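Student: I have a structure to go through, and I would like to work from burial to pairing to packing. Can we take it in short questions?

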Amino acid sequence: MKINRQFFRWSVFVVILLAGLESGRLEAAGPSEKISAALQPFVDSHSLAGAVTLVASPNAILAVNCAGYSDVGAKKAMQPDSMFWIASQSKSMTAAAFMMLVDEGKVNVDDPVEKYLPEFKGQMLIAEKNGDKTVLVRPSHPILIREILSHTSGLPFSSRVEEPTLDGLPLREAVMSYALSPLQFEPGTKYQYANAGINTAARIIEVVTGMPYEDFMQQRLFKPLGMKDTTFWPTEQQVRRIAKSYKPNEAKNDLVEINISQLHYPLTDHAVRFPMPAGGLFSTAQDVAKFCQMILNGGELGGRRYLSENAVKMMTSKQTGDAVKESYGFGWSVGTDWTGHGGAESTNMEIDRKHGLIFIYMVQHAGFPNDGGKSRDAFKQAALAQFAR
(Lines give C-alpha, C1' and ligand atoms only; values in the text may rest on other atoms or scores of the structure.)
Protein backbone atom coordinates (compact mmCIF):
# COMPACT_ATOMS: atom_id res chain seq x y z
CA MET A 1 0.00 0.00 0.00
CA LYS A 2 2.88 2.34 0.82
CA ILE A 3 4.38 1.64 -2.59
CA ASN A 4 1.09 2.49 -4.26
CA ARG A 5 0.83 5.78 -2.35
CA GLN A 6 4.39 6.68 -3.22
CA PHE A 7 3.74 5.84 -6.86
CA PHE A 8 0.60 7.98 -6.73
CA ARG A 9 2.52 10.94 -5.30
CA TRP A 10 5.17 10.67 -7.98
CA SER A 11 2.48 10.35 -10.66
CA VAL A 12 0.83 13.55 -9.46
CA PHE A 13 4.21 15.30 -9.40
CA VAL A 14 4.95 14.23 -12.97
CA VAL A 15 1.53 15.40 -14.15
CA ILE A 16 2.06 18.81 -12.53
CA LEU A 17 5.56 19.04 -13.97
CA LEU A 18 4.38 18.23 -17.48
CA ALA A 19 1.50 20.70 -17.16
CA GLY A 20 3.97 23.40 -16.17
CA LEU A 21 6.22 22.59 -19.11
CA GLU A 22 3.26 22.67 -21.47
CA SER A 23 1.99 26.02 -20.23
CA GLY A 24 5.38 27.72 -20.28
CA ARG A 25 4.78 28.96 -16.73
CA LEU A 26 7.12 26.65 -14.83
CA GLU A 27 9.36 28.59 -12.48
CA ALA A 28 13.10 28.53 -13.17
CA ALA A 29 15.05 25.77 -11.46
CA GLY A 30 17.55 28.39 -10.30
CA PRO A 31 20.59 30.33 -11.45
CA SER A 32 23.36 28.79 -13.53
CA GLU A 33 26.81 28.74 -11.93
CA LYS A 34 28.41 28.91 -15.38
CA ILE A 35 26.54 32.09 -16.24
CA SER A 36 27.30 33.65 -12.85
CA ALA A 37 30.99 32.88 -13.34
CA ALA A 38 30.93 34.43 -16.82
CA LEU A 39 29.32 37.71 -15.68
CA GLN A 40 30.99 38.41 -12.33
CA PRO A 41 34.36 39.57 -13.76
CA PHE A 42 32.58 42.36 -15.66
CA VAL A 43 30.96 43.55 -12.44
CA ASP A 44 34.24 43.34 -10.53
CA SER A 45 36.03 45.49 -13.14
CA HIS A 46 33.24 48.15 -13.09
CA SER A 47 32.55 47.31 -16.74
CA LEU A 48 28.98 46.24 -15.97
CA ALA A 49 26.73 47.74 -13.32
CA GLY A 50 24.48 44.72 -13.18
CA ALA A 51 22.36 42.37 -15.24
CA VAL A 52 19.47 39.94 -15.11
CA THR A 53 19.85 37.14 -17.63
CA LEU A 54 17.39 34.41 -18.52
CA VAL A 55 17.62 31.27 -20.62
CA ALA A 56 14.45 29.54 -21.79
CA SER A 57 13.36 26.67 -23.99
CA PRO A 58 10.04 26.79 -25.87
CA ASN A 59 8.09 25.75 -22.76
CA ALA A 60 10.32 26.21 -19.72
CA ILE A 61 12.55 28.73 -17.98
CA LEU A 62 15.95 27.06 -17.64
CA ALA A 63 17.92 29.64 -15.66
CA VAL A 64 17.60 33.16 -14.27
CA ASN A 65 20.81 34.85 -13.13
CA CYS A 66 21.39 38.15 -11.35
CA ALA A 67 24.78 39.86 -11.38
CA GLY A 68 25.91 43.13 -9.87
CA TYR A 69 23.69 46.01 -8.89
CA SER A 70 20.51 47.76 -9.94
CA ASP A 71 21.87 50.75 -8.01
CA VAL A 72 25.67 50.82 -7.84
CA GLY A 73 25.91 53.71 -5.38
CA ALA A 74 23.50 52.11 -2.91
CA LYS A 75 24.94 48.63 -3.51
CA LYS A 76 21.40 47.43 -4.25
CA ALA A 77 21.68 43.97 -5.80
CA MET A 78 19.91 43.03 -9.01
CA GLN A 79 16.83 40.88 -8.41
CA PRO A 80 14.98 38.47 -10.73
CA ASP A 81 12.04 40.91 -10.83
CA SER A 82 14.15 44.03 -11.47
CA MET A 83 12.58 46.16 -14.18
CA PHE A 84 14.22 47.72 -17.23
CA TRP A 85 13.43 50.19 -19.97
CA ILE A 86 13.47 47.81 -22.94
CA ALA A 87 13.32 50.66 -25.49
CA SER A 88 13.27 49.34 -29.07
CA GLN A 89 12.34 45.83 -28.01
CA SER A 90 8.91 47.49 -27.88
CA LYS A 91 8.97 47.40 -31.70
CA SER A 92 8.76 43.62 -31.79
CA MET A 93 5.79 43.63 -29.43
CA THR A 94 3.98 46.33 -31.38
CA ALA A 95 4.58 44.42 -34.61
CA ALA A 96 3.17 41.25 -33.04
CA ALA A 97 0.02 43.11 -32.02
CA PHE A 98 -0.29 44.57 -35.51
CA MET A 99 0.04 41.14 -37.11
CA MET A 100 -2.97 39.98 -35.10
CA LEU A 101 -5.02 42.35 -37.27
CA VAL A 102 -3.38 40.91 -40.39
CA ASP A 103 -4.41 37.42 -39.23
CA GLU A 104 -7.97 38.68 -38.77
CA GLY A 105 -8.06 40.10 -42.30
CA LYS A 106 -8.55 43.66 -41.04
CA VAL A 107 -5.35 44.97 -42.65
CA ASN A 108 -2.94 43.79 -45.33
CA VAL A 109 0.80 44.41 -45.22
CA ASP A 110 0.76 45.35 -48.91
CA ASP A 111 -1.82 48.09 -48.37
CA PRO A 112 -0.70 51.72 -48.57
CA VAL A 113 -0.62 53.48 -45.21
CA GLU A 114 -2.89 56.21 -46.59
CA LYS A 115 -5.73 53.67 -46.89
CA TYR A 116 -6.07 53.82 -43.10
CA LEU A 117 -4.46 57.20 -42.39
CA PRO A 118 -5.63 59.74 -45.02
CA GLU A 119 -3.19 62.34 -43.68
CA PHE A 120 -0.44 60.48 -45.57
CA LYS A 121 -2.05 61.17 -48.97
CA GLY A 122 0.18 63.35 -51.11
CA GLN A 123 3.28 62.85 -48.97
CA MET A 124 6.35 64.11 -50.81
CA LEU A 125 9.92 62.88 -51.23
CA ILE A 126 13.15 64.87 -50.91
CA ALA A 127 14.73 64.69 -54.36
CA GLU A 128 17.44 67.26 -53.75
CA LYS A 129 18.77 69.14 -50.74
CA ASN A 130 21.49 71.73 -51.14
CA GLY A 131 21.95 74.39 -48.48
CA ASP A 132 18.72 76.36 -48.20
CA LYS A 133 17.24 74.66 -51.24
CA THR A 134 15.11 71.53 -50.98
CA VAL A 135 13.37 70.00 -54.00
CA LEU A 136 10.36 67.79 -53.32
CA VAL A 137 8.79 65.31 -55.75
CA ARG A 138 6.18 62.61 -55.50
CA PRO A 139 7.56 59.15 -54.62
CA SER A 140 7.09 56.30 -57.09
CA HIS A 141 4.47 54.84 -54.76
CA PRO A 142 2.92 55.82 -51.42
CA ILE A 143 4.51 54.10 -48.42
CA LEU A 144 3.18 50.62 -47.71
CA ILE A 145 2.49 48.95 -44.38
CA ARG A 146 5.24 46.40 -45.01
CA GLU A 147 7.67 49.32 -45.39
CA ILE A 148 6.78 51.00 -42.10
CA LEU A 149 7.19 47.64 -40.32
CA SER A 150 10.61 46.95 -41.90
CA HIS A 151 12.28 50.41 -41.76
CA THR A 152 12.20 50.82 -45.55
CA SER A 153 9.51 53.52 -45.80
CA GLY A 154 11.75 56.58 -46.08
CA LEU A 155 10.28 58.10 -42.92
CA PRO A 156 12.73 59.85 -40.57
CA PHE A 157 13.74 58.34 -37.24
CA SER A 158 11.50 60.90 -35.53
CA SER A 159 9.94 64.24 -36.41
CA ARG A 160 11.19 67.69 -35.43
CA VAL A 161 8.33 68.19 -32.98
CA GLU A 162 9.24 65.15 -30.88
CA GLU A 163 11.35 67.22 -28.53
CA PRO A 164 12.77 67.22 -25.92
CA THR A 165 11.64 63.62 -25.33
CA LEU A 166 10.03 60.98 -27.55
CA ASP A 167 7.07 60.33 -25.23
CA GLY A 168 5.66 63.85 -25.09
CA LEU A 169 3.02 63.69 -27.84
CA PRO A 170 -0.22 61.72 -28.12
CA LEU A 171 0.20 59.02 -30.75
CA ARG A 172 -2.22 60.68 -33.16
CA GLU A 173 -0.26 63.95 -33.10
CA ALA A 174 3.12 62.25 -33.44
CA VAL A 175 1.95 60.30 -36.47
CA MET A 176 0.43 63.42 -38.03
CA SER A 177 3.88 65.01 -37.82
CA TYR A 178 5.35 62.08 -39.78
CA ALA A 179 2.74 62.54 -42.50
CA LEU A 180 3.82 66.18 -42.79
CA SER A 181 7.50 65.21 -43.03
CA PRO A 182 8.94 64.56 -46.51
CA LEU A 183 10.30 61.08 -47.18
CA GLN A 184 14.07 60.81 -47.14
CA PHE A 185 14.33 58.18 -49.89
CA GLU A 186 12.16 56.22 -52.30
CA PRO A 187 10.05 53.76 -50.32
CA GLY A 188 11.35 50.20 -50.42
CA THR A 189 14.81 51.05 -51.77
CA LYS A 190 16.80 51.50 -48.54
CA TYR A 191 16.84 50.52 -44.88
CA GLN A 192 16.83 53.35 -42.34
CA TYR A 193 15.97 52.58 -38.73
CA ALA A 194 12.97 54.70 -37.81
CA ASN A 195 10.72 54.96 -34.77
CA ALA A 196 8.25 56.78 -36.99
CA GLY A 197 7.34 53.65 -38.96
CA ILE A 198 6.44 51.46 -35.99
CA ASN A 199 4.59 54.34 -34.32
CA THR A 200 2.57 54.75 -37.51
CA ALA A 201 1.68 51.06 -37.47
CA ALA A 202 0.43 51.48 -33.91
CA ARG A 203 -1.78 54.37 -34.98
CA ILE A 204 -3.31 52.09 -37.63
CA ILE A 205 -4.16 49.66 -34.82
CA GLU A 206 -6.14 52.45 -33.16
CA VAL A 207 -7.98 53.42 -36.34
CA VAL A 208 -8.88 49.84 -37.31
CA THR A 209 -9.95 48.69 -33.84
CA GLY A 210 -11.36 51.92 -32.44
CA MET A 211 -9.31 51.19 -29.31
CA PRO A 212 -6.37 53.09 -27.83
CA TYR A 213 -3.13 51.38 -28.82
CA GLU A 214 -2.03 50.83 -25.22
CA ASP A 215 -5.37 49.17 -24.37
CA PHE A 216 -5.06 46.83 -27.34
CA MET A 217 -1.57 45.83 -26.24
CA GLN A 218 -2.78 45.16 -22.70
CA GLN A 219 -5.90 43.22 -23.66
CA ARG A 220 -4.59 41.20 -26.58
CA LEU A 221 -0.94 40.60 -25.66
CA PHE A 222 0.31 41.51 -22.20
CA LYS A 223 -2.56 40.31 -20.00
CA PRO A 224 -3.22 36.95 -21.70
CA LEU A 225 0.52 36.17 -21.83
CA GLY A 226 0.86 37.03 -18.14
CA MET A 227 3.26 39.93 -18.80
CA LYS A 228 2.21 41.64 -15.57
CA ASP A 229 5.17 44.04 -15.38
CA THR A 230 5.20 45.23 -19.00
CA THR A 231 3.96 48.81 -19.15
CA PHE A 232 4.47 52.30 -20.56
CA TRP A 233 3.69 53.82 -17.15
CA PRO A 234 5.38 52.01 -14.27
CA THR A 235 3.64 52.42 -10.92
CA GLU A 236 5.44 53.88 -7.92
CA GLN A 237 6.13 50.34 -6.72
CA GLN A 238 7.50 49.34 -10.11
CA VAL A 239 9.65 52.47 -10.33
CA ARG A 240 11.45 51.30 -7.19
CA ARG A 241 12.33 48.10 -9.07
CA ILE A 242 13.71 49.82 -12.19
CA ALA A 243 17.47 49.42 -12.54
CA LYS A 244 19.34 52.70 -12.72
CA SER A 245 20.96 53.67 -16.02
CA TYR A 246 24.71 54.10 -16.53
CA LYS A 247 27.24 55.28 -19.09
CA PRO A 248 31.06 55.29 -19.12
CA ASN A 249 32.86 58.12 -17.36
CA GLU A 250 35.19 60.40 -19.32
CA ALA A 251 38.15 58.13 -18.69
CA LYS A 252 36.13 55.14 -19.97
CA ASN A 253 37.15 53.08 -16.95
CA ASP A 254 34.15 53.42 -14.62
CA LEU A 255 30.41 54.10 -14.55
CA VAL A 256 28.35 57.29 -14.25
CA GLU A 257 24.65 57.22 -13.36
CA ILE A 258 22.31 58.91 -15.87
CA ASN A 259 18.61 59.47 -16.57
CA ILE A 260 16.93 58.07 -19.70
CA SER A 261 17.20 61.04 -22.07
CA GLN A 262 14.41 59.88 -24.40
CA LEU A 263 11.76 59.83 -21.67
CA HIS A 264 10.07 62.43 -19.50
CA TYR A 265 10.25 62.18 -15.70
CA PRO A 266 8.49 61.23 -13.50
CA LEU A 267 7.84 57.99 -15.35
CA THR A 268 4.48 57.58 -13.58
CA ASP A 269 3.08 60.79 -15.14
CA HIS A 270 0.06 59.95 -17.31
CA ALA A 271 -0.69 63.62 -18.01
CA VAL A 272 2.59 64.42 -19.75
CA ARG A 273 3.89 61.01 -20.85
CA PHE A 274 2.25 59.11 -23.73
CA PRO A 275 2.77 55.55 -24.98
CA MET A 276 5.63 55.33 -27.46
CA PRO A 277 5.09 52.13 -29.50
CA ALA A 278 8.59 52.08 -30.97
CA GLY A 279 10.44 52.34 -27.67
CA GLY A 280 8.49 53.19 -24.55
CA LEU A 281 7.99 49.93 -22.68
CA PHE A 282 9.38 48.82 -19.33
CA SER A 283 9.52 45.11 -18.55
CA THR A 284 11.24 42.24 -16.76
CA ALA A 285 13.28 39.29 -18.00
CA GLN A 286 10.42 36.93 -17.20
CA ASP A 287 7.84 38.95 -19.14
CA VAL A 288 10.07 39.26 -22.20
CA ALA A 289 10.74 35.52 -22.04
CA LYS A 290 7.00 34.74 -22.20
CA PHE A 291 6.68 36.87 -25.30
CA CYS A 292 9.68 35.16 -26.92
CA GLN A 293 8.36 31.71 -26.02
CA MET A 294 5.15 32.52 -27.85
CA ILE A 295 7.14 33.53 -30.94
CA LEU A 296 9.45 30.48 -30.74
CA ASN A 297 6.34 28.29 -30.52
CA GLY A 298 5.02 29.72 -33.79
CA GLY A 299 2.50 32.07 -32.20
CA GLU A 300 1.15 29.81 -29.46
CA LEU A 301 1.78 29.44 -25.72
CA GLY A 302 -0.01 27.61 -22.94
CA GLY A 303 -2.63 26.21 -25.28
CA ARG A 304 -3.64 29.66 -26.59
CA ARG A 305 -2.89 30.89 -30.09
CA TYR A 306 -1.96 34.54 -30.41
CA LEU A 307 -0.61 34.64 -33.98
CA SER A 308 -0.70 32.35 -36.98
CA GLU A 309 2.48 30.53 -37.89
CA ASN A 310 2.52 32.51 -41.15
CA ALA A 311 2.39 35.83 -39.26
CA VAL A 312 5.33 34.77 -37.08
CA LYS A 313 7.23 33.66 -40.17
CA MET A 314 6.71 37.05 -41.83
CA MET A 315 7.83 38.92 -38.71
CA THR A 316 10.96 36.85 -38.23
CA SER A 317 12.18 36.52 -41.82
CA LYS A 318 13.83 39.10 -44.08
CA GLN A 319 11.29 41.63 -45.38
CA THR A 320 13.68 44.31 -46.58
CA GLY A 321 13.85 43.02 -50.16
CA ASP A 322 16.62 41.56 -52.27
CA ALA A 323 18.12 44.95 -53.11
CA VAL A 324 18.61 45.91 -49.45
CA LYS A 325 21.50 44.26 -47.62
CA GLU A 326 20.16 44.82 -44.10
CA SER A 327 18.11 41.88 -42.85
CA TYR A 328 15.04 42.96 -40.91
CA GLY A 329 11.59 41.43 -40.65
CA PHE A 330 8.46 43.10 -39.32
CA GLY A 331 9.65 44.53 -36.02
CA TRP A 332 12.45 41.95 -35.64
CA SER A 333 16.13 41.79 -36.55
CA VAL A 334 16.77 38.62 -38.53
CA GLY A 335 19.77 36.33 -38.95
CA THR A 336 20.35 32.96 -40.58
CA ASP A 337 19.20 30.90 -37.60
CA TRP A 338 18.12 33.55 -35.11
CA THR A 339 15.79 36.48 -34.63
CA GLY A 340 15.66 39.11 -31.92
CA HIS A 341 15.91 42.76 -30.99
CA GLY A 342 17.92 45.06 -28.77
CA GLY A 343 17.17 48.30 -26.98
CA ALA A 344 18.88 51.67 -26.67
CA GLU A 345 20.27 50.84 -23.22
CA SER A 346 21.72 47.49 -24.32
CA THR A 347 18.86 45.18 -23.35
CA ASN A 348 18.50 42.28 -25.76
CA MET A 349 16.33 39.28 -26.59
CA GLU A 350 17.40 36.57 -28.99
CA ILE A 351 15.59 33.47 -30.22
CA ASP A 352 18.12 30.85 -31.31
CA ARG A 353 16.20 28.58 -33.67
CA LYS A 354 19.15 26.24 -34.18
CA HIS A 355 19.24 25.25 -30.50
CA GLY A 356 15.64 26.03 -29.61
CA LEU A 357 16.73 28.47 -26.92
CA ILE A 358 15.85 32.01 -25.84
CA PHE A 359 18.45 34.39 -24.38
CA ILE A 360 17.26 37.44 -22.44
CA TYR A 361 19.90 39.99 -21.38
CA MET A 362 18.63 42.86 -19.25
CA VAL A 363 20.94 45.76 -18.39
CA GLN A 364 20.71 49.58 -18.38
CA HIS A 365 23.81 50.83 -20.14
CA ALA A 366 24.23 53.69 -22.62
CA GLY A 367 27.62 52.27 -23.54
CA PHE A 368 30.14 50.32 -21.47
CA PRO A 369 33.54 51.15 -19.98
CA ASN A 370 36.44 48.74 -20.42
CA ASP A 371 35.25 45.50 -22.03
CA GLY A 372 31.71 45.60 -20.66
CA GLY A 373 30.26 45.30 -24.14
CA LYS A 374 31.51 41.71 -24.23
CA SER A 375 29.31 40.69 -21.31
CA ARG A 376 26.29 39.75 -23.43
CA ASP A 377 28.32 37.37 -25.56
CA ALA A 378 29.92 35.92 -22.42
CA PHE A 379 26.42 35.22 -21.07
CA LYS A 380 25.31 33.61 -24.32
CA GLN A 381 28.37 31.40 -24.65
CA ALA A 382 28.02 30.21 -21.05
CA ALA A 383 24.34 29.48 -21.64
CA LEU A 384 25.05 27.55 -24.83
CA ALA A 385 27.76 25.53 -23.10
CA GLN A 386 25.25 24.43 -20.48
CA PHE A 387 21.94 24.16 -22.32
CA ALA A 388 22.62 23.61 -26.04
CA ARG A 389 21.94 20.08 -27.20
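Tutor: Buried means under 20% relative accessible area, and exposed means over 50%. Bear in mind that this is a predicted model.

Student: Is F291 buried or exposed?
Tutor: The cut-off for buried is under 20% relative accessible area. F291 has a relative accessibility of 0%, so F291 counts as buried.

Student: Which ring does F291 stack with?
Tutor: The two ring centres are 5.7 Å apart and the planes meet at 20°. Planes under 30 degrees apart count as stacked. The partner is buried, with a relative accessible area of 0%. So the ring stacked with F291 is that of W332.

Student: How many residues apart in sequence are the parts that this pair ties together?
Tutor: F291 belongs to helix α9, residues 285-296. W332 sits in the loop between α10 (309-315) and β12 (333-334). The pair therefore ties together parts separated in sequence by 41 residues.

Student: What is the angle between the planes of Y361 and F379?
Tutor: Y361 is in strand β15 and F379 in helix α11, so this pair links distant parts of the chain, 18 residues apart. Y361 is buried at 2% relative accessible area, and F379 is buried at 1%. The centres are 6.4 Å apart and the pair is stacked, with an angle between the planes of 20°.

Student: How many aromatic pairs does the count come to, by this rule?
Tutor: Rings pair if their centres lie within 6.5 Å. Ring pairs also link Y213, F232 and W233 into a cluster. By this rule the count of aromatic pairs is 7.

Student: How many residues of β15 are buried?
Tutor: On one side of β15, L357, F359 and Y361 are buried, and on the other side so are I358, I360 and M362. Both faces are thus covered. The strand is largely enclosed by the rest of the structure, because the number of its 6 residues that are buried is 6.

Student: Which residue stands opposite Y361 in β15?
Tutor: Strand β1, residues 50-56, runs antiparallel to β15 and is joined to it by 5 bridges. Across from Y361 stands T53.

Student: Which residue takes a positive phi in the hairpin of β14 and β15?
Tutor: Strand β14, residues 348-352, pairs with β15 in the antiparallel sense over 5 bridges, with I351 opposite I358. There are 4 residues between the strands of this hairpin. The residue with a positive phi, near 65°, is G356.

Student: Which helix gives the largest share of the largest nonpolar core?
Tutor: This core has 74 residues, and F291 and I360 are among those with the most contacts inside it. The largest share of this core is 9 residues, and they come from helix α3.

Student: Which cysteine is in contact with I360?
Tutor: Neighbours within four places in sequence are left aside here. The contacts of I360 then include V52, T53, L54, F379 and the cysteine C292.

Student: How many disulfides does the structure hold?
Tutor: A disulfide needs two cysteine sulfur atoms within 2.5 Å. The cysteine sulfur closest to that of C66 is in C292, 18 Å away, which is too far for a bond. C66 is partly exposed at 31% relative accessible area, whereas C292 is buried at 0%. The number of disulfides is 0.

Conventions. Residues numbered from 1 in each chain as written. Predicted model: local features only at pLDDT ≥ 70, side-chain atom pairs only at ≥ 80, totals over all residues. Heavy atoms only, no water. Buried < 20%, exposed > 50% of the residue type's maximum accessible area, 1.4 Å probe, protein only. Phe/Tyr/Trp six-rings, centres within 6.5 Å; stacked < 30°, edge-to-face > 60°. Helix = DSSP H or I, 4+ residues; strand = E, 2+ residues; numbered from the N terminus. Pairing = 2+ DSSP bridges. Core = buried A, V, L, I, M, F, W, Y, C linked by side-chain atoms within 4.5 Å. Contact = heavy atoms within 4.5 Å.
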